[in-house]
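Colleague: Could you take one part of this model and walk me through it slowly, and then tell me how it sits within the whole?

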Amino acid sequence: MSAITDILQLLVTANLWQVAMVSAVLLLLPALGGVISERSGVVNIAMEGMMLTGAFFAVWADLNWHSPWIAVLVAMIAGGLMALIHAVVSIRFRADQIVSGIAINIFAAGLTVYLVRTIYGLQDVGHVVPAEALPTWDVPLLSAIPFIGKVVFQQNVVVYIALIVLVLVEIVLFRTRLGLRIRAVGEHPQAADTAGLNVYVIRYGAVITSGLLSGLAGAFLAIGVSNTFVPNMTDGRGYIALAAMIFGKWTPRGAFVACIIFGLGEAIYANNSTIHVSQYLLSMLPYLITLVVLAGLVGRSTPPAADGIPYAAGSE
Amino acid sequence: MGRSQLRYLALVGAVLMVVAACGSTSSGPAAKQVKVGLVTDIGGLNDKSFNHLAYVGLQKAIADFNVKGEVTESKTGDDYVPNLTNFASKNYDLVIGVGFLMQEAVGKVSGSFPKVHFAIIDGAGTDASGKDLQHSNVQSLFFKEQDAGAMVGVIAGMLEKNKKAPGNTNVISAVGGVSIPPVNHYIAGFKWAATMEDPGIKVLIGYSNNFTDPAKCKSVAQSQIGQKSEILFQVAGGCGLGVLQAAGQAKVYSIGVDADQKDADASVIASALKKVDQATYTAIKNVVNNQFQGGALTFSIANNGAGYSLDNIQLPSDIQAELDKVQAAIKAGSMTPPADIPA
């Protein structure tokens with residue numbers, strides 16, 4: 001089986017893991033957003049749309065103001081605003097959260113194409129020059145470590161940001177009072193309300209945070225990796241992030257492991273020019289691994305008890 | 001307002017957004033004129049590639065023949081049949097489907113509207129199994145992408161043979177979107193010509209399984225660069241922009257596809273051109289002149305329907321001479337780039 005030896009040989013190359021890391025981070029940021037939102041009790045399947053919106057506005061802002069950091073800010077605000085729509089619809093108006101999420105994804109796909117058409121006509125959206133894209137930065141000293149240095153410490157700045165956010169979300173959710181409150185609101189909002197927590201404020205905050213993180217992911221995709229905007233360029237990452245969140249049992253570290261597996265699958269697939277097996281078989285790989293891991297190792301994955309249930313103060 | 005009412009409101013909102021997003025572009029006065037409907041595939045008009053070029057051809061025809069042109073963009077593969085039917089049922093004189101992916105839809109709709117003329121870029125009107133139904137009201141606009149691929153293959157092969165490439169590794173590569181005939185024709189010509197110029201060259205071929213996500217193509221390109229490829233040919237539309245980016249970052253060369261992609265990245269040394277604009281224009285012209293004919297119309301180097309552009313580097317004069325020689329030979333028919341990727 002030359003294909004298997006090909007893959008095994010690949011797995012020990014730092015190149016593969018470096019590419020996998022980028023793919024994983026593109027999933028990790030929206031997945032963390034999903035974890036925060038759903039831990040507070042609001043189902044969020046709109047990461048795809050928030051990410052796509054962020055991607056467009058990142059390119060637009062970068063082409064206008066020639067600064068990747070302003071672009072990131074604009075992208076995060078755009079993602080946050082999309083999330084705000086979801087929050088208002090599902091928290092204030094208590095609408096079905098799945099429907100609201102789908103509506104936002106469709107809306108984002110239409111909105112971005114509409115904006116492209118209105119602002120750029122049928123011309124090129126334009127290309128962000130490398131000097132104005134989100135930079136790659138080698139961490140001094142650490143980047144010299146063999147293997148690990150290349151994989152973790154010779155990356156785009158957003159990769160570092162994402163890893164820091166991962167640790168922060170893990171700590172905040174499970175080691176701080178704020179995290180306890182978020183989880184309480186997601187498990188039993190009535191009890192949390194009785195205890196004096198403002199369920200609405202916490203849920204709004206959680207949903208908007210998911211939008212900010214998805215917007216950041218969109219910015220990374222558009223002005224860190226691709227340096228342009230192409231309609232529908234997010235290509236379902238928001239949904240795969242959703243799977244990663246469930247796979248990871250609504251924990252940041254679990255989602256991270258899932259994202260690494262998906263990212264690794266993508267990176268292995270990207271080597272189809274040299275692996276001697278049908279590229280179609282290869283493209284199934286990450287999902288096959290997921291099925292096996294889900295069935296064999298992860299087992300039952302239970303969402304927060306009040307996930308998806310709108311809260312009305314005073315009702316039972 | 002109750003919960004269920006809101007649920008419907010959200011749905012209605014979503015539908016409205018889709019409708020708004022599928023907005024169409026119209027122009028020209030509404031005199032008694034030829035009406036042309038153009039339906040894009042999922043790439044959309046901003047694909048910087050063949051959908052865009054088809055639109056350019058339509059615009060030129062509108063200007064030259066005073067035809068009425070409408071465009072509908074398809075969001076998903078499920079939109080092809082309704083979008084084509086929409087134009088056909090309004091008695092448009094010509095309905096153009098852009099792209100191989102629309103073959104089956106064109107086959108189906110052209111059967112239902114035998115009096116409407118259809119044209120399809122990169123394909124024929126087929127049944128579900130891909131068999132050409134040979135409807136007499138369908139004109140297939142095919143391209144010999146291998147001609148264009150061969151021209152850029154000559155450039156890559158000559159650069160390697162003459163040791164003018166960035167690192168002279170003697171490895172080049174192609175990144176295809178999906179393994180479908182129009183994509184593989186390009187790659188076939190590219191590999192054939194590069195190997196002809198430099199028999200020792202190694203040509204890597206990979207696919208991204210995607211046409212819209214540059215990050216996916218970038219990963220494939222990076223893996224090829226890791227295997228020492230230093231001239232990368234993108235054959236993946238909008239996705240392939242990631243190939244050009246990856247080449248730029250790694251300081252190696254890249255080659256654009258379909259349209260001249262000089263401005264996409266400094267690494268682009270040439271582009272393989274497929275003149276979809278010319279094909280679209282020709283199809284419309286034929287309808288205007290009542291010269292529509294069913295069957296295949298092929299665009300190649302011989303009728304200037306395929307070619308190449310030189311982009312961000314100055315080519316040595318001997319490579320230019322070789323390009324002219326090969327182009328003349330293909331035009332004369334003494335050289336024929338293969339349609340299938342050589343082993």
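Modeller: In this predicted model, strand β8 of chain B, residues 202-207, is largely enclosed by the rest of the structure, because five of its six residues are buried; a residue counts as buried here when 20 or more other C-beta atoms lie within 10 Å of its own. Strand β7 of chain B, which spans residues 171-176, runs parallel to β8(B), and the two are joined by six bridges. One particular pairing that you can look for is that of S173(B), whose bridge partner in β8(B) is L204(B). To get from β7(B) to β8(B), the chain passes through helix α6 of chain B, residues 181-197, and this β-α-β crossover is right-handed.

As for confidence, chain B has an average pLDDT of 89, and 91% of the residues score at least 70. Residues 16-31 of chain B, however, call for caution, since their pLDDT stays under 50, although the model has 27 contacts for them beyond four places in sequence.

Turning to the whole complex, the predictor gives an ipTM of 0.90 and a pTM of 0.87. The contact between the chains involves 44 residues from chain A and 45 residues from chain B. On the side of chain A that touches chain B, helices supplying at least two residues each include α2 (14-39), α10 (199-226) and α13 (279-298) of chain A, while α5(A) gives the most, with 11 residues. By character, the residues on that side of chain A divide into 24 nonpolar, 15 polar and five charged.

How values were computed: Residues numbered from 1 in each chain as written. Chains lettered and ligands numbered in written order. Predicted model: local features only at pLDDT ≥ 70, side-chain atom pairs only at ≥ 80, totals over all residues. Buried ≥ 20, exposed ≤ 12 C-beta atoms within 10 Å, placed from the backbone. Helix = DSSP H or I, 4+ residues; strand = E, 2+ residues; numbered from the N terminus. Pairing = 2+ DSSP bridges. Right-handed = clockwise from strand over helix to strand, strands pointing away. Contact = placed C-beta atoms within 7 Å. Nonpolar A, V, L, I, M, F, W, Y, C, P; charged D, E, K, R; others polar. pLDDT = per-residue confidence, 0-100.
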